[in-house]
Amino acid sequence: MRKKSIFLLIILLLVTLTSCINTVNLREGIISFKRQDYRQAFIRLMPEAEKGQADAQYAIGYMYYYGQGVLEDRKKAYLWICRAADAGQPDAIKALQLIRKK
């Protein structure tokens with residue numbers, strides 16, 4: 001019984017640490033984005049975008065659209081902005097409307 005309790009405690013600790021790391025990546029990525037350090041923002045935000053974080057998805061789409069920190073790629077930009085818009089990210093919804101008007 002004691003071994004099961006210790007095992008469950010370790011699992012809980014690992015889950016908590018993993019979520020903290022994800023939060024740090026997102027927070028640091030957004031700070032880098034606001035500082036216009038787009039390369040660092042891309043590195044931090046891409047893993048979060050791939051996990052479905054809508055703000056990160058929009059930022060990745062923005063960087064691809066304008067070639068900030070990455071090579072400009074409008075197809076990838078559209079993909080990421082669509083994902084963010086589908087998740088309800090307000091800036092992505094507006095950006096998608098503008099892109100579709102062009």
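Me: Buried means under 20% relative accessible area, exposed over 50%, and partly exposed in between. How do you know whether Glu48 is buried or exposed?

Reply: This is a predicted model, so the answer rests on computed values. Glu48 has a relative accessible area of 5%. The cut-off for buried is under 20%, so Glu48 is buried.

Me: And what makes Lys51 buried or exposed?

Reply: The relative accessible area of Lys51 is 54%. Exposed requires over 50%, so Lys51 falls in the exposed class.

Me: Why is the pair Glu48 and Lys51 called a salt bridge?

Reply: The rule asks for a side-chain nitrogen of Lys or Arg within 4 Å of a carboxyl oxygen of Asp or Glu. In this pair the closest N and O atoms are 3.7 Å apart. The pair therefore meets the rule. It joins a buried residue, Glu48, to an exposed one, Lys51.

Me: What is the general idea behind such a pairing?

Reply: Side chains of opposite charge can pair when their charged atoms come close.

Me: How many salt bridges does the rule give, and what makes Arg74 part of one?

Reply: The count is two. Arg74 pairs with Glu72, their closest N and O atoms being 3.6 Å apart. The limit is 4 Å, so this pair is a salt bridge. Arg74 has 40% relative accessibility, a value between the cut-offs of 20% and 50%, and is therefore partly exposed.

Me: What is the secondary structure of the protein?

Reply: There are five helices and zero strands. Read from the N terminus, the order is α-α-α-α-α. Of the 102 residues in the protein, 31% are buried.

Me: What describes two packed helices?

Reply: The angle between their axes and the distance between the axes.

Me: What makes H2 and H3 parallel, antiparallel, perpendicular or oblique to each other?

Reply: The axes of H2 (residues 38–50) and H3 (residues 54–66) cross at roughly 135° and come within 8 Å. Roughly antiparallel needs over 145 degrees, and roughly perpendicular covers 65 to 115. An angle of roughly 135° fits neither class, so H2 is oblique to H3. The crossing of H2 past H3 is left-handed. On the H2 side the contact includes Tyr38, Phe42, Leu45 and Glu48, and on the H3 side it includes Gln57, Ile60 and Met63. By class, this contact has 12 nonpolar, one polar and one charged residues.

Me: Why are H3 and H4 given the class they have?

Reply: Their axes cross at roughly 160° and come within 7 Å. The cut-off is over 145 degrees, so H3 and H4 are roughly antiparallel to each other. H3 passes H4 in a left-handed crossing. Among the H3 residues in this contact are Tyr58, Gly61 and Tyr65, which face a set in H4 that includes Arg74, Lys76, Trp80 and Arg83. The contact of H3 with H4 has 10 nonpolar, two polar and three charged residues.

Me: How do you know which class fits H4 and H5?

Reply: H4 (residues 74–86) and H5 (residues 90–101) have axes that cross at roughly 135° and come within 8 Å. That angle lies above the perpendicular range, which ends at 115 degrees, and is not over 145, so H4 and H5 are oblique to each other. H4 passes H5 in a left-handed crossing. The residues that meet are Tyr78, Ile81, Cys82, Ala84 and Ala85 in H4 and Ala92, Ile93, Ala95, Leu96, Ile99 and Arg100 in H5. By class, there are 10 nonpolar, no polar and one charged residues.

Me: Where does Gly69 lie, and what makes it buried, exposed or partly exposed?

Reply: Gly69 is in the loop between H3 and H4. Its relative accessibility is 29%. A value that is neither under 20% nor over 50% counts as partly exposed, so Gly69 is partly exposed.

Me: Which residues does Gly69 touch, not counting residues up to four places away in sequence?

Reply: Gly69 touches Tyr38 and Arg39. Gly69 and Tyr38 are 31 residues apart in sequence, while their C-alpha atoms are 4.5 Å apart.

Me: What class does Gly67 get, and why?

Reply: Gly67 also has its place in the loop between H3 and H4. At 28% relative accessible area, which lies between 20% and 50%, Gly67 is partly exposed. Gly67 and Tyr38 are 29 residues apart in sequence and 9.3 Å apart in space, C-alpha to C-alpha.

Note on methods: Residues numbered from 1 in each chain as written. Predicted model: local features only at pLDDT ≥ 70, side-chain atom pairs only at ≥ 80, totals over all residues. Heavy atoms only, no water. Buried < 20%, exposed > 50% of the residue type's maximum accessible area, 1.4 Å probe, protein only. Axes fitted to C-alpha atoms, helices over the stretch in contact; angles between N-to-C directions. Helix = DSSP H or I, 4+ residues; strand = E, 2+ residues; numbered from the N terminus. Parallel < 35°, antiparallel > 145°, perpendicular 65-115°, else oblique. Left-handed = near helix turned anticlockwise from the far one by under 90°. Contact = heavy atoms within 4.5 Å. Nonpolar A, V, L, I, M, F, W, Y, C, P; charged D, E, K, R; others polar.
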